[in-house]
Amino acid sequence: MSLQNSTRLLPTQFFLLGIPGLEHLYLYLAFVFTMVYVTSVIGNFTLLFIIRIERSLHEPMYFFLCMLSSIDLVLCNSTTPKMLGILWLNSHEIYSEACLTQMFFLHSFAIMESALLLAMAFDRYVAICNPLRYTLILTKCLIAHIGVLAIIRAVALMLPLPFLLKRLPFCSANVIHHSYCEHMAVVKLACADTTFNNIYGIVVALFIVGLDLFFIICSYVLILRAVFQLASTEARTKALGTCASHICAILSFYIPVVLSSVVHRFGKNVPNHIHILLANVYLMLPPLINPIVYGVKTKQIRTRVKSVFSIHFICSTNVCSDMRKDHSKQHSHWNGRHIN
């Protein structure tokens, strides 16, 4: 089949089914997902703002955290608004080009997040195992190169996806049994042999998750070995405490991925809405958890957030007080004129 015919057969629009089987809970799910989305956006923007204005946080660890927050913002904004449109407004249609764009962004930025978690594991390894050379090894130039390499790897692996899908004939099928344009959910609609697409998706997923997770585990094996060689319990506790936030970020990202994969392949009797909910958790949990965990665990961030809100509260109080005084003066002046 020619490329022209394949392009012609790509539907103008796809119909996102949402979460079939849970339609009676859409209002409750919409409320929960909206709260999660708003909290994620505010939390990540706050984290970026605090790191930007607080000079004591201009360190390699927090540069990586800025990258992670930026990726989380793209991840939650690539899928959640459309999903909320389905839940709140019953808006299921999505143009095919928008669907392919959404697919590219959500998968490529998920790969970038995996790369950043690996980079942050390397950061913790250097900080604990070679602290005297920490700033010499993790220079701004190296951090920038790591960020660029993470982008190049993700784009190189995900850029073929839209073109691989465009070459497939879709006949009359355009109903995606999902709440967003996930690669395999769209591939299932094609009325042709999709073996290559299936193999490509599985290989990329195993390559990214398997390889990155393997190196993260190796980093923490070396970290734990170095920590338990420390003389005092206090030093060991402090060293492990610096890794706690990163460990939470790793768990919030990889556990939903692994759980969703296991349920998808071995849970033959698991309802379809469970698969879809796990896929949504996979995209929505890290952007929610990361700013909360790093905000709670990092003293500089906690202190700066408190000071910003304290200044805002004091300014608001002073403004209200000044407004009340002005109003009182105007009221007294009006009463004086009225008596005269």
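# Working through a predicted fold

Thr 194 is buried, its relative accessible area being 13%. Here, buried means under 20% relative accessible area, exposed means over 50%, and partly exposed is in between, with a 1.4 Å probe and protein chains only. The model is predicted, so local features need pLDDT of at least 70, side-chain atom pairs count only at pLDDT 80 or more, and totals for chains, interfaces and linings use all residues. Residues are numbered from 1 along each chain as its sequence is written, and side-chain values use heavy atoms, with hydrogens and water left out.

**Exercise 1. Place Thr 194 in the chain and find its contacts.**

Step one: look in the loop between α8 (183-187) and α9, where Thr 194 is found. Helices (H or I, at least four residues) and strands (E, at least two) are DSSP runs, numbered from the N terminus.

Step two: look for contacts, meaning heavy atoms within 4.5 Å. If you leave aside neighbours within four places in sequence, Thr 194 touches Leu 168 and Val 187.

Step three: zoom out to the whole chain. The secondary structure comes to 13 helices and three strands, and 43% of the 340 residues count as buried.

**Exercise 2. How are the rings of Phe 196 and Tyr 200 arranged?**

Step one: get the rule. Rings of Phe, Tyr and Trp (its six-membered ring) pair if their centres lie within 6.5 Å; planes under 30 degrees apart count as stacked, over 60 as edge-to-face and the rest as tilted.

Step two: apply it. The structure holds seven aromatic pairs. In the pair of Phe 196 and Tyr 200, the ring centres are 6.3 Å apart and the planes are at 25°, so this pair is stacked.

Step three: check the backbone. Both residues lie in helix α9 (residues 195-227), four residues apart, which is about one turn of the helix.

Step four: try another pair. Phe 253 and Tyr 254 are edge-to-face, at 5.0 Å centre to centre with 90° between the planes. Both Phe 253 and Tyr 254 are buried. For a cluster, go to Phe 104, Phe 105 and Phe 109, which form one.

**Exercise 3. Find the largest nonpolar core and follow Ile 176 and Val 186 within it.**

Step one: define it. A nonpolar core is a set of buried Ala, Val, Leu, Ile, Met, Phe, Trp, Tyr and Cys residues joined through side-chain atoms within 4.5 Å.

Step two: pick out the centre of the network. The largest core has 75 residues, and those with the most contacts inside it are Phe 14, Leu 65, Phe 170, Ile 176 and Val 186. Helix α4 gives the most to this core, with 17 residues.

Step three: follow Ile 176. Setting aside neighbours within four places in sequence, the contacts of Ile 176 include Phe 14, Cys 99 and Val 186.

Step four: follow Val 186, which sits in helix α8. Val 186 counts as buried, at 0% relative accessibility. Again without neighbours within four places, Val 186 has contacts including Phe 14, Met 103, Phe 170 and Ile 176.

Step five: look for another core. A second, separate one of 17 residues includes Val 36, Tyr 37, Leu 73 and Met 284.

**Exercise 4. What lines the second largest pocket, and what lines the largest cavity?**

Step one: set the rules. On a 1 Å grid over the protein atoms alone, a cavity is a set of points where a 1.4 Å probe fits but cannot get out, and a pocket is an open set with protein on both sides within 12 Å along at least five of seven lines; lining residues have an atom within 4 Å of a point. Grid points are joined across faces, edges and corners, and a volume is the space filled by probe spheres set on the points.

Step two: take the pocket. The second largest one holds about 410 Å³ of space. Its lining has 14 residues, with Met 61, Arg 124, Ala 127, Ala 239 and Thr 242 nearest its centre. Helix α4 supplies the largest share of this lining, three residues.

Step three: take the cavity. The largest cavity has about 30 Å³ of space, and is lined by Met 61, Met 120, Asp 123, Arg 124, His 246 and Tyr 294. Helix α4 gives the most here, with three residues.
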